[in-house]
Amino acid sequence: MITEKMSKRTDKFERWLVKKNTLVFISLIISIVAFLAIDNKSITLIDSYAEKLYDQKVEAIYNTETYVVEGLPETVDVTLIGRKIDMYLAKQLSNGYITVDISNLKEGTHKVPINYEGNINSIDYELDPSTVNITIYPKASTTKTATIDTINKETLDAKLSVSQVTIDKTEIIIKGAEHIIEKVANVRALVDIRKLVDPAAGVMTLEEVPLIAYDTNGKVVEVEMVPSKVTATINIESPHKEIPIKPIPVGEVQFGKAISSITSSVAKVTVYGSQEVINKIEYFPIEVEVEKLSTNKEFNISLVAPEGIRALSVKNTKISITLGEEITKEIKNIQIETINLDSNYKATAVNSVTKTNIIVKGTKEVLDAIDETKVKAIVDLTGYKEGDHEVEVIVTGDDVKASYTPKTTKVKVKIIKK
């Protein structure tokens, strides 16, 4: 009975199994199960990945007071490999640290491994490079006197200048391998004026000034220095001087006319520069072009700082010129003087011409006020050597409103050695 009943059920199952729809459904179920299994395996694979850490600092373990090591890299790249959760924990706890332990090595050349130590043991890593060739030298030392380089002085206000810079330590101990410290030609303290806060006239202090060692070619030599930085004391000055503005006409006004007055709307200007330069300046000349000028005129002039002057208190002025009728005056028997002759020579006049008369032109008011003792006739002997020379006579006077012309335009001089 049981066999008959099972036989009937088997027949029914076989008839159901061979149906087309049944096979389709079975195939679909098998496909879904296979997909889920493979997808789950893929997630497991994806859960492991790699991350690269660039420029990780290397710590070398050795006696730094006794040895110098060459060939050690300052940084390496580290590739971490592991599950995502482990990588996350590693980042939260620490990135680890990289060491080269050479504390047991002696002088000479060695190939040593670089090690990475992290907090998560389940993470693998790769280092680039993983080993390095190093050379260990005994550390030597010597002493150098530091010099001072003051840089970026041009960033100061134009009215300020650096007069003196000193540092608190000048004797610097340099340490390193003997063949390296032998290359050191000098040690310089680089005092950067840009690092001063609100620079002003007076004494200022700049701390943490770096010291740099150079060879004879000006290239940096990497050595240890004690101290490695110094403190600089900087004296800042503001040399200045107030001088009168002196307008100087250039050219000749219209025939029959002369300059009656020439004045500046700004009478004085303060000049800023080195003390040596401003000590030599007595007035500030402003040249005004008056060629063929026929009527009174006002000129707007921009002041240009002469060489050696960094700043001016004013930048513009107005020069007013008034004209009048020209008259002529003759000043007689002005001694002809020589200037700028080399001290190894002396000059004498040929044909005994030692004096000249001078024709002065200007308005009556100007000529009446001229001090004849201030009118000079000179010959400039700059660069002249032994022999006979014909030299031009130059006339100067203290009133620029007048024009001066010597009757004797050239003289002959004889130059001989003393």
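Ten salt bridges are counted in this predicted model. Three of them are described here, starting with the one that involves an arginine. In that bridge the side chains of R188 and D149 come together with an N to O distance of 3.5 Å. The two partners belong to distant parts of the chain: R188 sits in strand 11, which covers residues 186-192, while D149 sits in strand 8, which covers residues 131-151, and 39 residues separate them. In terms of accessibility, R188 is partly exposed, with a relative accessible area of 26%. D149 is likewise assigned as partly exposed, at 25%.

A second bridge joins E325 to K257, whose closest N and O atoms are 3.2 Å apart. Here too the pair links distant parts of the chain, with E325 in strand 21 (residues 316-325) and K257 in strand 16 (residues 257-264), 68 residues apart. The acidic partner, E325, has a relative accessible area of 55% and is therefore exposed, since the cut-off for that class is over 50%. K257, by contrast, is partly exposed, with a relative accessible area of 24%.

The third bridge is formed by D388 and K414, with 3.4 Å between the closest N and O atoms. D388 lies in strand 26 (residues 387-392) and K414 lies in strand 29 (residues 410-417), so this bridge ties together parts of the chain that are 26 residues apart in sequence. D388 counts as exposed, at 55% relative accessibility, whereas K414 counts as partly exposed, at 38%.

Charged side chains also meet aromatic rings in this model. R188, the arginine already paired with D149 in a salt bridge, lies over the face of Y214, at 4.6 Å from the ring centre. A lysine is placed in a comparable setting: K246 lies over the face of Y283, at 4.5 Å from the ring centre.

Contacts between two aromatic rings come next. A pair of this kind is described by the distance of the ring centres and the angle of the planes. Searching the whole structure yields one aromatic pair. The partners are Y116 and Y125, with 5.2 Å from centre to centre and 50 degrees between the planes, which makes the pair tilted. Y116 counts as buried, because its relative accessibility of 13% falls under the 20% limit. Y125 counts as partly exposed, at 36% relative accessibility.

At the level of the whole protein, the secondary structure comprises six helices and 29 strands. The radius of gyration is 47 Å, well over the 22 Å that the globule rule gives for 418 residues, so the protein is more spread out than a compact globule. Along the principal axes, the C-alpha atoms fill a box of roughly 170 × 65 × 45 Å.

Burial and contacts round off the description. Of the 418 residues, 30% count as buried. The accessible surface of the protein comes to about 26700 Å², and carbon and sulfur atoms hold 50% of that area. Among contacts with a separation of 6 or more, 72% are between residues 24 or more positions apart. The three salt bridges described above also span the sequence, with separations of 39 residues for R188 and D149, 68 residues for E325 and K257, and 26 residues for D388 and K414.

How values were computed: Residues are numbered from 1 along each chain as its sequence is written. This is a predicted model: local features need pLDDT of at least 70, side-chain atom pairs count only at pLDDT 80 or more; totals for chains, interfaces and linings use all residues. Side-chain values use heavy atoms; hydrogens and water are left out. Rings of Phe, Tyr and Trp (its six-membered ring) pair if their centres lie within 6.5 Å; planes under 30 degrees apart count as stacked, over 60 as edge-to-face and the rest as tilted. Buried means under 20% relative accessible area, exposed over 50%, partly exposed in between (1.4 Å probe, protein chains only). A charge sits over a ring if NZ of Lys or CZ of Arg is within 6 Å of the ring centre and within 35 degrees of the ring normal. Helices (H or I, at least four residues) and strands (E, at least two) are DSSP runs, numbered from the N terminus. The radius of gyration is taken over C-alpha atoms; the globule rule is 2.2 Å times the number of residues to the power 0.38. Contact means heavy atoms within 4.5 Å. Accessible areas come from the Shrake-Rupley method with a 1.4 Å probe; for residues, only the protein chains shown count as cover. A salt bridge is a side-chain nitrogen of Lys or Arg within 4 Å of a carboxyl oxygen of Asp or Glu.
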